[in-house]
Amino acid sequence: MLLLVVSFANAQSGDVKSEAILSDYFSLKDALVGDDAKKAAQSGTKLVAALKAFDLSKYSKEDKKELADIIEAATEHAEHIAKSAIDHQREHFKMLSKDITDMVAITGTKNTLYEQFCPMYDKGSAWLSTSKEVRNPYYGSGMLKCGKVQKTIQ
């Protein structure tokens, strides 16, 4: 019984860590939607810390390897976002979004997420959102509603 409690506690803490990463990712996305490079940089810094705090211990050997690679790449993109101008932040956000989507495919999420897609930015770019309503982080106020929901993640 104790083992079950410990395993459940570890699963909960792993979920909390991935949810913290998602929370910082969504703050970053919202900053880009609002054309706010300073807030995006701050969110990028927070995201780096959340990624570095991620605990791989509860995952299988295969998932650990894949998650470690994803976390490493995502951390690099978040670091670039933390110290770049908004156009460069958006370039790294595209790659970061793929990493976070790949992470969620392994870790799951307690919330419903929407993978949204803009066909116009860099030959097509996706991102995650907590809302069905499209708010484009790649163009911000320039093309706020460009895009569509292409997948629901539950």
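**Exercise 1. Pairing of E1 and E2**

Task: In this predicted model, find how many bridges join strand E1 to strand E2, and in which sense the two run.

Solution:
- Take E1 as residues 113-118. Take E2 as residues 125-129.
- Five bridges join E1 to E2, and the two strands run antiparallel.
- Check one pair: Glu115 has Leu128 in E2 as its bridge partner.
- Check another place: Cys118 stands opposite Ser125 in E2.
- Now look at the hairpin of E1 and E2. Six residues lie between the strands. Asp122 takes a positive phi there, near 50 degrees.

**Exercise 2. The whole sheet**

Task: Work out the order of the strands in the sheet, and name the edge strands.

Solution:
- Start from E1 again. E1 also pairs with strand E3, residues 148-153, over five bridges.
- The sense of this pairing is antiparallel.
- One bridge to trace is that of Gln116, whose partner in E3 is Val149.
- Put the strands in a row: the order is E2-E1-E3, in an open sheet of three strands with antiparallel pairing.
- E2 and E3 are the edge strands, since each pairs on one side only.
- On average, neighbouring strands of this sheet are turned by 25 degrees against each other, direction ignored.
- Look for a helix on the sheet. H4 packs there and touches E1, E2 and E3. The direction of H4 makes about 55 degrees with that of E2.

**Exercise 3. Burial of two strands**

Task: Count how many residues of E1 are buried, then do the count for E2.

Solution:
- A residue is buried if its relative accessible area is under 20%.
- In E1, five of the six residues are buried, and the strand is mostly covered.
- In E2, four of the five residues are buried, so E2 is largely enclosed by the rest of the structure.

**Exercise 4. H3 against H4**

Task: Decide how helices H3 and H4 are oriented to each other, and sort the residues of their contact.

Solution:
- H3 covers residues 61-82. H4 covers residues 86-107.
- The axes of H3 and H4 come within 9 Å and cross at roughly 160 degrees.
- An angle over 145 degrees counts as roughly antiparallel. H3 and H4 are therefore roughly antiparallel to each other.
- H3 passes H4 in a left-handed crossing.
- List the contact. On the H3 side it includes Leu67, Ile70, Ile71 and His77. On the H4 side it includes His92, Phe93, Leu96 and Met103.
- Sort the residues of the contact of H3 with H4: 11 are nonpolar, six polar and four charged.

**Exercise 5. H2 against H4**

Task: Find the orientation of helix H2 to H4, and say which residues make the contact.

Solution:
- H2 covers residues 37-52.
- The axes of H2 and H4 come within 10 Å and cross at roughly 40 degrees.
- Roughly parallel would need an angle under 35 degrees. H2 and H4 are therefore oblique to each other.
- The crossing of H2 past H4 is left-handed.
- H2 brings Ala37, Ala40, Ala41 and Leu47 to the contact, while H4 brings Ile86, Gln89 and Leu96.
- Of the residues in the contact of H2 with H4, six are nonpolar, one is polar and none is charged.

Conventions:
Residues numbered from 1 in each chain as written. Predicted model: local features only at pLDDT ≥ 70, side-chain atom pairs only at ≥ 80, totals over all residues. Heavy atoms only, no water. Axes fitted to C-alpha atoms, helices over the stretch in contact; angles between N-to-C directions. Parallel < 35°, antiparallel > 145°, perpendicular 65-115°, else oblique. Left-handed = near helix turned anticlockwise from the far one by under 90°. Contact = heavy atoms within 4.5 Å. Nonpolar A, V, L, I, M, F, W, Y, C, P; charged D, E, K, R; others polar. Buried < 20%, exposed > 50% of the residue type's maximum accessible area, 1.4 Å probe, protein only. Pairing = 2+ DSSP bridges.
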